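Q: Please take a close look at a single part of this model, and then set that part against the rest of the chain. Give the cut-offs behind the terms as you go.

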Amino acid sequence: MWIVPTICNTFILLLSLLGIQYHLNIFKYPLYLTIPLTLGVYIPLSIIFTLPTDYVLHNIKATDKLSWINMPDKVILYIWKSNYWTTFILTWLILPMLLEYYRSGHKDTIRKIKDSIRENIKFQLIMLGVSLIGLIYLLIEVKLSFNHLKLMVIALSHIYTLILATWLMGHGLTNIPRNKWIQGSVILNLNHNYLRVPKLVDELEDTKISFREDVLKVIVLKQNYTSSSEEDFQFRDWIIKLYDSIPGDIKEHVEKQYLHDNTTIDRDQLTEQYMTKLNALFKMNLHRLIGYQSEFNRLVSKIIRLEDVLNAVSTRELRFRVDNYRVLWSPKFNFIYWTYIQPWANRIWSIVLATISLIILQSEFFHSTKLSLLNVLIYTTGMNKYPLLQFVVSSCIFSYMLFAALNSLTQLKIFNMYHLIPRNSDPVLACWYVMYIARLTIPLSYNFITLFVSRESIFETWYGAVCVI
């Protein structure tokens, strides 16, 4: 009974670590960052197994058996409770604290912790103030009684995450098949990537301009306030560390600019507050620059590969100008694979994923009714008579729903500030994304359950109880 759940959860844990490692070298950071990040990704991914197990076990006939995952109700309830409260603590306390800790411009650990606490208290007070203003308005204008207040607060807190999860999932369900269809044509894919270049170049240049202003200040400080004199001792190491963090090409360009620039920083300006603010802006703009530069390099490499595929039509032999290490076959087979096999595979995948997306989206509109296509697929076709098949289909569909939401979250540039960088993300980016990934756990689970007429499950019973406590 415990072998399969243990294997599945171990696999999901390894998958979580690989996903984090792909964007952030997690093992070079301390455990107080590694553990929350891992939990924040593991919990949403674990429901791929937990939710279908819970639902199938409580919607099969007494004569049917699913012994290899037949977990007791108490265990399933404990899993849901632990997931809920762990996610709550991660998203409202631990991850926001870590995010502000790594975002802080202070140099020493104690001041970073104080800065993190102060920023989070400030955020919570702002949220409380806005909530109180809204509450006073509703009490006066709508005549709400205090008996309804608790229910309203609970409803609003769950509606926010549910709307966010539904929007991200809907975006992914339409965008993923569309992108696969575009990748089914070399010319269409190449033109699609060409159209992305101008906007990305503008964003990259704007980021370089902002970063160069910070770099110029660091160079001015390096040239004037890093001598061995006692009066320069306080900030010397800090300035040198910032100077060493400047990328070589930008450093060379700005140092030439410095020779003809009149930028000056008086000694009276050089305070701890000034250095803290400069350090925070420097780190933020540096990581934005790395992000846009990495995205631009990947886009250029993709365009070059697609151009190589088109240019190989005349010779019918394909040799890439970049990424030659990926070539595992002969030039002739490479041409056949990249010109015919991969595009057709993408088109087939696009049709399959579009069909699944259509089923899910239609089921969203007709949720909890017999008109829901997902409900029809599971119950009208008789699939529910085969618990293992029902479990596999439910798990696959729910995995696609979760993947669609995660894909939208990681691909969209939120506030034009946060976007993940393969192998080059910093802890601030990681904390922000993991915080929102963790928030998808409960709303996506609830969203999946509502696609069926029968919602009997430990999750439905417990979640309904939570919402009326």
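A: A residue is called buried under 20% relative accessible area, exposed over 50%, and partly exposed in between, using a 1.4 Å probe and protein chains only. The model is predicted, so local features need pLDDT of at least 70 and side-chain atom pairs count only at pLDDT 80 or more, while totals for chains, interfaces and linings use all residues. Residues are numbered from 1 along each chain as its sequence is written, and side-chain values use heavy atoms, with hydrogens and water left out.

The part examined is the loop between H12 and H13. Helices are DSSP runs of H or I with at least four residues, strands are E runs of at least two, and the numbering starts at the N terminus. H12 covers residues 387–411, and H13 covers 427–438.

Leu-420 sits in this loop. At a relative accessible area of 16%, Leu-420 is buried. A contact is a pair of heavy atoms within 4.5 Å. Setting aside residues up to four places away in sequence, Leu-420 is in contact with His-23, Thr-410, Ser-425, Leu-429 and Tyr-433. Leu-420 also lies 9.8 Å from Arg-288, C-alpha to C-alpha, although 132 residues separate them in sequence.

Ser-425 belongs to the loop between H12 and H13 as well, and its relative accessibility of 7% makes it buried. With residues up to four places away left out, Ser-425 touches His-23, Leu-24 and Leu-420. His-23 is thus a partner of Leu-420 and of Ser-425.

On the N-terminal side of the loop, H12 holds Ala-404. Ala-404 is buried, at 0% relative accessibility. Beyond its neighbours within four places in sequence, Ala-404 contacts Leu-168, Met-169, Gly-172, Leu-173 and Ile-176. The C-alpha atoms of Ala-404 and His-171 are 7.5 Å apart, with their positions 233 residues apart in sequence.

His-23, the partner named above, falls at the end of helix H1, residues 3–23. Two packed helices are described by the angle between their axes and the distance between the axes. Here an axis is a line fitted to C-alpha atoms over the stretch in contact, and angles run from 0 to 180 degrees between N-to-C directions. H1 packs on H2 at about 135°, with the axes 9 Å apart. That angle makes H1 oblique to H2, since under 35 degrees counts as roughly parallel, over 145 as roughly antiparallel, 65 to 115 as roughly perpendicular, and the rest as oblique. The H1 and H2 crossing is right-handed, where the near helix is turned clockwise from the far one by less than a right angle; anticlockwise would be left-handed. Residues in this contact include Cys-8, Ile-12 and Leu-15 of H1, and Val-41, Leu-45 and Phe-49 of H2.

H2 (residues 31–57) also meets H3 (residues 73–103), where the axes come within 9 Å and cross at roughly 155°. H2 is therefore roughly antiparallel to H3, and the crossing is left-handed.

Elsewhere, H7 (residues 233–244) packs with H9 at about 15°, with an axis separation of 12 Å. H7 and H9 are therefore roughly parallel, and their crossing is left-handed. H7 contributes Phe-235, Trp-238, Ile-239 and Leu-242, which meet Glu-272, Met-275, Thr-276, Asn-279 and Phe-282 of H9.

Other loops carry backbone angles worth listing. Arg-316, in the loop between H9 (272–311) and H10 (331–365), has a positive phi of about 60° without being a glycine. Arg-316 is partly exposed at 44%. Ser-368, in the loop between H10 and H11 (373–380), likewise is not a glycine and has a positive phi of about 65°. Ser-368 is partly exposed at 27%.

For the chain as a whole, there are 15 helices and zero strands. Buried residues account for 43% of the 469 residues. Of contacts between residues at least 6 apart in sequence, 73% join residues at least 24 apart. The accessible surface, from the Shrake-Rupley method with a 1.4 Å probe and, for residues, only the protein chains shown as cover, is about 25700 Å², and 65% of that belongs to carbon and sulfur atoms. The structure has zero disulfides, a disulfide being a pair of cysteine sulfur atoms within 2.5 Å. Among the cysteines, Cys-396 is partly exposed at 49%, whereas Cys-431 is buried at 0%.
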